Every structure is written in C-alpha cells, then in structure tokens.
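Q: I am new to this structure and would like a close look at a single part of it. Please take one strand and go through what surrounds it.

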Amino acid sequence: TPTWVDDAGERVLTPGDIVGAPAGEANGHRFENNSDSDCLVLAIGNRSDLDVCTYPDIGMKTTTERYRLD
C-alpha cells in the first residue's frame, strides 16, 4: 500500500487506486512505501522532448532533454 504525498497531505492507496498530478500545477508529489513489504507502482507520464520538473517544497527545478534515436 503506497502512500501518495502532495501539498494536500498524505493518502494511503490500495490496489487499483489511481492518482494524478495535473501539468502546470506547483504541487510537489511523490509515492512513499512506508511498509516492510515491496510495493509496485505504475507511473505514466508524457514523452515530450523537454521535461521540466519543479520541486516547490525545496525550491528546485530540473529539466531533462530527451534524445531521439530515429
């Protein structure tokens, strides 16, 4: 049971739960595994050529450029 953490607080998830983080919102979010067991999470994102990540809770911003192998 992973825990979803964002600016609104913590939410313990159960199998089959879905959570989302709208693009463009300054709301840092993450998954945490607070158990002694393994946890599997499927994370899906976009495939834009330039990915921008902001971490408003620690004042950090990163960018990643994707390279195409066409």
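In what sense do S1 and S3 pair, and over how many bridges? Please describe S1 and its surroundings from there.

A: This is a predicted model. S1 and S3 pair in the antiparallel sense, and three bridges join the two strands. S1 covers residues 3-6, and S3 covers residues 30-32. Two residue pairs show how these strands face each other. Val5 of S1 has Arg30 as its bridge partner in S3, and Thr3 stands opposite Glu32 of S3.

S1 also has a neighbour in S2, which spans residues 9-12. These two strands run antiparallel as well, and four bridges join them. Trp4 has Arg11 as its bridge partner in S2. The connection from S1 to S2 is a hairpin through two residues.

Taken together, the three strands form an open sheet in the order S2-S1-S3, with antiparallel pairing. S2 and S3 are the edge strands, and each of them pairs on one side only. From one strand to the next, the twist averages 30 degrees.

Next come the side chains of S1. Both faces of the strand are covered. Thr3 and Val5 lie on one side, Trp4 and Asp6 lie on the other, and all of these residues are buried. For Trp4, the relative accessible area is 9%, which is under the 20% limit, so Trp4 counts as buried.

Trp4 also takes part in the one aromatic pair that the structure holds. Its partner is Phe31, with the ring centres 5.1 Å apart and the ring planes at 65 degrees. Planes over 60 degrees apart count as edge-to-face, so this pair is of that kind. Trp4 belongs to S1 and Phe31 to S3, so the pair ties together parts that are 27 residues apart in sequence. Phe31 has a relative accessibility of 36% and counts as partly exposed because this value falls between the limits of 20% and 50%.

The loop between S2 and S3 can be added to the picture through one of its residues, Gly20. Gly20 has a relative accessible area of 58%, over the 50% limit, and is therefore exposed. Gly20 and Ala43 are 23 residues apart in sequence, and their C-alpha atoms are 9.6 Å apart in space.

In short, S1 stands between S2 and S3 in the order of the sheet, and Trp4 of S1 pairs edge-to-face with Phe31.

Terms used: Residues are numbered from 1 along each chain as its sequence is written. This is a predicted model: local features need pLDDT of at least 70, side-chain atom pairs count only at pLDDT 80 or more; totals for chains, interfaces and linings use all residues. Side-chain values use heavy atoms; hydrogens and water are left out. Rings of Phe, Tyr and Trp (its six-membered ring) pair if their centres lie within 6.5 Å; planes under 30 degrees apart count as stacked, over 60 as edge-to-face and the rest as tilted. Buried means under 20% relative accessible area, exposed over 50%, partly exposed in between (1.4 Å probe, protein chains only). Two strands pair if DSSP finds at least two bridges between them. Axes are lines fitted to C-alpha atoms, for helices over the stretch in contact, and angles run from 0 to 180 degrees between N-to-C directions.
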